[in-house]
Amino acid sequence: MLTSFKLMIRPINFSYALQLLCHFCLAFAVSAKEVNHDDLQIHGFVAQGIIDANHSNYINSDTSLSLELTEIGINASYQLNDDFRVAGQAVYLNGGNRYHAGPRIDYLLLQWNAFHSEHWQANFYFGRVKNNHWLYSSTRDIPFARPSIIIPQVVYFDGFRDVAVGGDGAAMKLRYSDDDVGEIDFNFSRGKSAISERQSDVIIGELALGKLDHDLDMQASIYWQPPFSGWRFGLSALDSTFAYQQAEVDNYFDSDFVYQFYTASALYEGELWQFSMELFQQRFVTEGFYFPGFFQDNLGQGYYLQTRYQLTDKLSILARHERFYADKDDKNGSKLKQKSGGRIPSYFAFHHDNMLGISYDLGSNFRLNAEYHWMQGGARLSPIVQPDPIANAQKNWQVWAIQLMYWF
Amino acid sequence: MINNKLLKIVLTVLLLSPPVEAIHLISNVTADTRSLSVSQLRRIYTMRQLYWQNGTPIVIYVLPSQAPLHQQFCKDKLALFPYQLDRIWQKLTFSGYGVAPIQVANQQALLQAVKTTKGAIGYVETLSEVKDVNVIQIDD
């Protein structure tokens, strides 16, 4: 059996949790002393772009110019009283082959402000909560709040988007700040994601006819910003397990997967220069799936370095360098090619990207982003467990995209 | 593509924007605090301090991020760049983990909102027509 950290907290069925949440909110709304219009906040965004990937099915199968770069979202937050708040966000996403197109409930939660003082804040969140542990994980679908149209795939792999973006369960955020130590944030979450058939196709491919389930995952992170400093440093850890139940007639077999992911990050924000980096190690264990008794335990490693320079108040340029190796002991992919009998090319063992981007603010709530990526390798192409060397026949491929966005 | 005419209008408006003369911090009369340190002010605007000392919730009103007064306030009074606050506020708002300040269109609307909202805080450029609010001293 695969081993993984197991905690006592168990997430409850989401629809049942939703009912509980509604009853809870209704009770508080009815008993609220007064309804203040400032207690309700509504925000949203719309973004549309064009995107093109050469020599790859990253966006679409025929590698044609695509409009599949749509992101729409609306959220609402209502302060029930001094201690409780409800919030939810619905989004519609279309990213071509990157993840399945359609509407989603991004988050829907009840916040309990358990403790607050001048220096401390302790908040608990129940319901569907977003992953808040990596630098851009909670804003990966928010076009104007992420650094680029395509964010670093080495960390924010689109194929795992629906599992990594959050889950149904609970989260805690503990914040401290003073003039001596600066700002410290500790985050913890526990939950699971329901994986639809279409999401499953993106993760494990259409030839796998069985059911993929996400068991519990546990995530924790800590961030520290020294007093009056432009630097911010962070550490995070994720432990998750998945189970695949084969169909009666299937190309694959019952299996368990373990995915563990550890990151260290740094962020610098100056007047003209910004800098960010995340480096990570991941452990991906496969037991079964390809055939009964199959076992693979890979340690992957990667990082990205990113810098932005503000040319004018409205215009900035962005540069990023990313590297990822699916197996740190097989960086050039020779073992992968050998184990697959030559069916999988060696470049599916890594993913590298060098990108340049430009961002122009057309107003306080309008922005135009454009970027070009020089990609290398196929280790961050979906489906990850069934590489497609025919659609991705070249080691080097390119992506460019332009996106216009509005938010309120 | 950006229309050249539109670009010229935007640039003209920006160039003709008068410089900010002074910045005064104001609050609703229900806030019991008459002076704040820069650290306290940063904690309030980065959403780390959500209540006044008397327990009243703090409601923050701001101008659009590209308004000269807002930009000057961020740099001079908070020692932060406006985009840093945008990042913090957008992350809270669009991840569900918190709420951001309420944005209003101009200084008149901001003053009116601070006057009429319990626990509100904001900033103005001149005190000459400001009545019925507290003026908060910022201690360096």
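**Burial, cores and contacts in a predicted two-chain model**

Biologist: Why does Ala401(A) count as buried?

Modeller: Ala401(A) has 21 C-beta neighbours inside 10 Å. The cut-off for a buried residue is 20 or more, so Ala401(A) counts as buried. The structure is a predicted model, and the value is computed from its atoms.

Biologist: Where does Ala401(A) lie, and which residues does Ala401(A) touch?

Modeller: Ala401(A) belongs to strand β16 of chain A, residues 396–407. Leaving out residues up to four places away in sequence, Ala401(A) touches Gly49(A), Ile50(A), Ile51(A), Leu69(A), Ile149(A), Ile150(A) and Glu371(A). One of these partners, Glu371(A), is 30 residues from Ala401(A) in sequence, yet the C-alpha to C-alpha distance between the two is 5.6 Å.

Biologist: What makes a set of residues a nonpolar core, and which residues have the most contacts inside the largest one?

Modeller: Members must be buried nonpolar residues of the listed types, joined through C-beta atoms within 7 Å. The largest such core has 46 residues, and those with the most contacts inside it are Val155(A), Ala349(A), Phe350(A), Ala379(A), Val399(A) and Ala401(A). Elements of chain A that each supply at least two residues of this core include β1 (40–54), β3 (84–94), α3 (197–204) and β16. In soluble globular proteins, nonpolar side chains tend to be buried together.

Biologist: Which residues is Val399(A) in contact with, beyond four places in sequence?

Modeller: The partners of Val399(A) are Ile51(A), Asp52(A), Ala53(A), Tyr58(A), Ile150(A), His373(A) and Met375(A). A second core, separate from the largest, has 27 residues, among them Tyr61(B), Leu63(B), Cys74(B) and Val124(B).

Biologist: Is Arg98(A) buried or exposed, and how do you know?

Modeller: Arg98(A) has 23 other C-beta atoms within 10 Å. Since 20 or more suffice, Arg98(A) is buried. Arg98(A) is placed in the loop between β3 and β4 (102–116) of chain A. With neighbours within four places in sequence set aside, Arg98(A) is in contact with Tyr58(A), Ile59(A) and Asp158(A).

Biologist: How do you know whether the radius of gyration of chain A agrees with that of a compact globule?

Modeller: A compact globule of 408 residues would have a radius of gyration near 22 Å; chain A has 22 Å, and therefore agrees. Along its principal axes, the C-alpha trace of chain A spans about 70 × 55 × 40 Å. Chain A contains four helices and 16 strands, and buried residues make up 40% of its 408 residues. Of the contacts in chain A between residues at least 6 apart in sequence, 61% join residues at least 24 apart.

Biologist: What does chain B consist of, by secondary structure?

Modeller: Chain B has five helices and six strands, in the order α-β-β-α-β-α-α-β-α-β-β along the sequence. Buried residues account for 34% of the 140 residues in chain B. Among contacts in chain B between residues at least 6 apart in sequence, 67% join residues at least 24 apart.

Biologist: Why are the buried residues of α3(B) said to line one face of the helix?

Modeller: In α3(B), residues 68–78, the buried residues are Leu69(B), His70(B), Phe73(B) and Cys74(B). Viewed down the helix axis, they fall within an arc of 135 degrees, so they line one face. An α-helix has 3.6 residues a turn, so residues three or four places apart point the same way. The cover over the buried residues of α3(B) includes β3 (59–62), α4, α5 (107–116) and β5 (120–124) of chain B. Just after α3(B), Ala79(B) has a positive phi of about 55 degrees.

Biologist: What makes up the side of chain B that touches chain A?

Modeller: Here 24 residues of chain B are in contact with 28 residues of chain A. The elements of chain B giving two or more residues to this side are α2 (38–45) and α4 (82–95). The largest share, six residues, comes from α4(B). By type, this side of chain B divides into 11 nonpolar, 10 polar and three charged residues.

Biologist: How confident is the predictor in chain B, and where does pLDDT stay under 50?

Modeller: The mean pLDDT of chain B is 88, and 86% of its residues reach 70 or more. Over residues 11–16 of chain B, pLDDT stays under 50, and the model has zero contacts there beyond four places in sequence. The model scores ipTM 0.86 and pTM 0.87.

Notes:
Residues are numbered from 1 along each chain as its sequence is written. Chains are lettered from A and ligands numbered from 1 in the order in which they are written. This is a predicted model: local features need pLDDT of at least 70, side-chain atom pairs count only at pLDDT 80 or more; totals for chains, interfaces and linings use all residues. Two residues are in contact if their C-beta atoms, placed from the backbone, lie within 7 Å. Ala, Val, Leu, Ile, Met, Phe, Trp, Tyr, Cys and Pro count as nonpolar, Asp, Glu, Lys and Arg as charged, and the others, Gly among them, as polar. A residue is buried if 20 or more other C-beta atoms lie within 10 Å of its own, exposed if 12 or fewer, and partly exposed in between; C-beta atoms are placed from the backbone. pLDDT is the predictor's confidence in each residue, from 0 to 100. The radius of gyration is taken over C-alpha atoms; the globule rule is 2.2 Å times the number of residues to the power 0.38. The arc is that of the directions from the helix axis to the C-beta atoms.
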